[in-house]
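Grab a pencil and work through the exercises below. Try each task before you read its solution.

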Amino acid sequence: MEGVSPIDEKQITGTQQRIIDAALHLISQVGYKSTTTKLIAQEAEVNETTIFKNFKSKEALMNVAFKQHANQIKEEVDTFFQQDFKDSRDLLKRTGHFIQDTYTKHRYVVIGSIKEVGNEKAKTIFNYKQEYINAMLSEKLQEFPDAEHFCQKDYETISFIFNNAIVALLLQEIGQADGESVESKITLENIIDMTLRPFEEEND
């Protein structure tokens with residue numbers, strides 16, 4: 001298929017990884033369209049021809065870059081949710097910190113994906129992985145009888161809002177780091193507490 005690189009993301013060389021990291025960093029800063037192979041080469045400190053020798057095209061490079069991180073995220077999510085949790089509070093607290101740490105670790109993919117929503121050429125599968133986290137959290141929440149009146153749709157909605165609130169928090173922190181004026185002082189703990197209220201009110 002045109003534009004798809006034959007590179008196995010599990011057998012990437014040091015040079016290829018530098019190119020991938022440079023490309024993702026640039027996309028998070030200036031967007032897909034403005035991220036040229038010339039800029040990627042400068043960021044990765046390689047010749048532009050090296051990019052085409054390794055990835056054939058910019059599109060193929062992006063395909064490998066996002067696929068690599070998406071697979072890493074899925075593995076991290078699977079491992080995390082295989083753990084045992086005491087109750088909904090324990091699950092949401094630990095999940096909140098896990099999601100924040102995961103999105104921070106993969107921040108260039110997260111930011112790049114959000115910036116390029118609707119851009120078919122830069123279409124990624126990160127949004128699918130976010131949905132995957134939502135589904136895993138929803139399924140895990142249903143294991144605890146904290147709020148028996150909740151249906152599956154309720155759990156799905158809670159998981160969706162929870163996940164997206166943490167993404168918003170990450171973007172807020174990135175904006176602050178970039179020197180933007182951000183008035184909101186919402187923290188991860190605030191998000192966890194607000195998400196837990198329906199469960200705790202039911203148990204009162």
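**Exercise 1. The big core**

Task: Find which residues touch the most other members of the largest nonpolar core.

Solution: Start with the core itself, which has 30 residues; Val77, Leu141 and Phe162 touch the most other members. A nonpolar core here is a set of buried Ala, Val, Leu, Ile, Met, Phe, Trp, Tyr and Cys residues joined through side-chain atoms within 4.5 Å. "Buried" means under 20% relative accessible area, "exposed" means over 50%, and "partly exposed" is in between (1.4 Å probe, protein chains only).

Next, see who contributes: helices H4 (58-81), H5 (88-105), H7 (126-141), H8 (152-177) and H9 (188-203) each give two or more residues to this core. H8 supplies the largest share, seven residues. Helices (H or I, at least four residues) and strands (E, at least two) are DSSP runs, numbered from the N terminus.

Now zoom in on Leu141. Skip its neighbours within four places in sequence, and Leu141 is in contact with Ser88, Leu91, Leu92, Tyr155, Ile158, Ser159 and Phe199. Contact means heavy atoms within 4.5 Å.

Finally, there's a second, separate core of 21 residues, and Ile12, Ala22, Ile51 and Phe55 are among them. As background, nonpolar side chains tend to be buried together in soluble globular proteins.

A quick word on the numbers: this is a predicted model, where local features need pLDDT of at least 70 and side-chain atom pairs count only at pLDDT 80 or more, while totals for chains, interfaces and linings use all residues. Residues are numbered from 1 along each chain as its sequence is written, and side-chain values use heavy atoms, with hydrogens and water left out.

**Exercise 2. The whole chain**

Task: Work out how many helices and strands the chain has.

Solution: Count the elements and you get nine helices and zero strands. Then check burial: of the 204 residues in the chain, 46% are buried. Last, look at contacts between residues at least 6 apart in sequence: 70% of them join residues at least 24 apart.

**Exercise 3. Two helices that meet**

Task: Describe how helix H2 and helix H3 pack, using an angle and a distance.

Solution: First, take H2 (residues 37-44) and H3 (residues 48-55): they pack at an angle of about 105 degrees, with their axes 8 Å apart. That makes H2 roughly perpendicular to H3. (Axes are lines fitted to C-alpha atoms, for helices over the stretch in contact, and angles run from 0 to 180 degrees between N-to-C directions; under 35 degrees counts as roughly parallel, over 145 as roughly antiparallel, 65 to 115 as roughly perpendicular and the rest as oblique.)

Second, list who touches: H2 brings Thr37, Lys38, Ile40 and Ala41, and H3 brings Glu48, Ile51 and Phe52. Third, sort the residues of this contact: four are nonpolar, one is polar and two are charged. (Ala, Val, Leu, Ile, Met, Phe, Trp, Tyr, Cys and Pro count as nonpolar, Asp, Glu, Lys and Arg as charged, and the others, Gly among them, as polar.)

**Exercise 4. Ring hunting**

Task: Decide whether the pair Phe80 and Phe98 is stacked or edge-to-face.

Solution: Here's the rule: rings of Phe, Tyr and Trp (its six-membered ring) pair if their centres lie within 6.5 Å; planes under 30 degrees apart count as stacked, over 60 as edge-to-face and the rest as tilted. By that rule there are four aromatic pairs. Phe80 and Phe98 sit 4.2 Å centre to centre with 5 degrees between the planes, so the pair is stacked.

Where are they? Phe80 is in helix H4 and Phe98 in helix H5, 18 residues apart. Phe80 counts as buried at 9% relative accessibility, and Phe98 does too at 13%.

Compare Phe150 and Tyr155: at 5.7 Å centre to centre and 80 degrees between the planes, they are edge-to-face. Phe150 and Tyr155 are both buried.

**Exercise 5. Odd phi values**

Task: Find where Glu45 lies.

Solution: Glu45 is in the loop between H2 and H3. Its phi is near 60 degrees, positive in a residue other than glycine. Most residues other than glycine have a negative phi. At 68% relative accessibility, Glu45 is exposed.
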